[in-house]
Amino acid sequence: MEYLHKETSEEYLSLHDCRADRVELKDGVLSFRFPEGFWVLASHPENPTGKTVRTDAARVDYVLRDPDGDDVSVDVFTGLKYPFALRRTYDLAPFMEMLNRPEWELEFLYQYPDYWNRIVECWLWMPKRTRHKECQLKLDVSEVIYHWNSLRPDEEW
């Protein structure tokens, strides 16, 4: 799918509380599909609303430094008994298989970018309410690209 906007600066964009329902790895690019879009801040030069609003359906591409995704890991946390949690680490392929199941979504909460590395705090939503889990993506990226077509002024932060 072609998009009107393609942006590599994250200065005016946010994935906070946005949910991806599909993930794909192709030619070293890890792509997440956001059917409800992501946030464009009020200060974005192309946001005439003066408010932080959502985009329409969008995609975010993480250009991986290892094109096979071998440097990507996903930690999924399962609460056993407070204050303890069990962490299970997944390679990229099994995680993608899980997320691409119907009704599964990955909610992005916070991103912590470093020079090449990025940690993404998320929430993995599964069909059964009791099955949602906290998770963390560890990515080794050279670039992040945000794609969208238009703003939805009726969807304010």
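Strands here are DSSP runs of E with at least two residues, and helices are runs of H or I with at least four, both numbered from the N terminus. The model is predicted, so local features need pLDDT of at least 70 and side-chain atom pairs count only at pLDDT 80 or more, while totals for chains, interfaces and linings use all residues. Residues are numbered from 1 along each chain as its sequence is written, and side-chain values use heavy atoms, with hydrogens and water left out.

**Exercise 1. Find where Asp 17 and Asp 27 sit, and describe their phi angles.**

Step 1. Start with a rule of thumb: most residues other than glycine have a negative phi.

Step 2. Asp 17 lies in the loop that links β2 (13-14) and β3 (18-20). Its phi is positive, about 65 degrees, although Asp 17 is not a glycine.

Step 3. Asp 27 belongs to the loop between β4 (22-26) and β5 (29-34). Here too phi is positive, near 50 degrees.

Step 4. Now check accessibility, where buried means under 20% relative accessible area, exposed means over 50%, and partly exposed is in between (1.4 Å probe, protein chains only). Asp 17 is partly exposed because its relative accessibility is 36%. Asp 27 has a relative accessible area of 74%, so it counts as exposed.

**Exercise 2. Work out the strand order of the open four-stranded sheet, and say which strands stand at its edges.**

Step 1. Two strands pair if DSSP finds at least two bridges between them.

Step 2. The order is β2-β6-β7-β14, and the pairing is antiparallel.

Step 3. The edges are β2 and β14 (151-156): each has a single partner strand, so one side of each has no neighbour in the sheet.

Step 4. Look inside the sheet at β6 (residues 39-40) and β7 (residues 53-55), which are joined by two bridges. Val 40 has Val 53 of β7 as its bridge partner.

**Exercise 3. Trace the pairings of strand β8 and decide how well covered this strand is.**

Step 1. Strand β8 spans residues 58-64, and six of its seven residues are buried.

Step 2. With β5, the pairing is antiparallel over six bridges. Val 29 and Val 63 are bridge partners there.

Step 3. With β13 (residues 133-148), β8 again pairs in the antiparallel sense over six bridges. Opposite Tyr 62 you will find Val 144 in β13.

**Exercise 4. Describe the largest pocket by volume and lining class.**

Step 1. On a 1 Å grid over the protein atoms alone, a pocket is an open set of points with protein on both sides within 12 Å along at least five of seven lines, and lining residues have an atom within 4 Å of a point.

Step 2. The volume is about 200 Å³. β4 and β5 are the elements that give two or more residues to the lining.

Step 3. Lining residues include Arg 22, Glu 24, Phe 32 and Arg 59. By class, there are four nonpolar, two polar and four charged residues.

**Exercise 5. Search for disulfides and account for Cys 18 and Cys 135.**

Step 1. A disulfide is a pair of cysteine sulfur atoms within 2.5 Å. The whole structure has zero.

Step 2. For Cys 18, the nearest cysteine sulfur is that of Cys 122, 12 Å away. Cys 18 is buried, with a relative accessible area of 0%.

Step 3. For Cys 135, the nearest cysteine sulfur also belongs to Cys 122, at 3.7 Å, and Cys 135 is in no disulfide. Cys 135 counts as buried because its relative accessibility is 0%.

Terms used: On a 1 Å grid over the protein atoms alone, a cavity is a set of points where a 1.4 Å probe fits but cannot get out, and a pocket is an open set with protein on both sides within 12 Å along at least five of seven lines; lining residues have an atom within 4 Å of a point. Grid points are joined across faces, edges and corners, and a volume is the space filled by probe spheres set on the points. Ala, Val, Leu, Ile, Met, Phe, Trp, Tyr, Cys and Pro count as nonpolar, Asp, Glu, Lys and Arg as charged, and the others, Gly among them, as polar.
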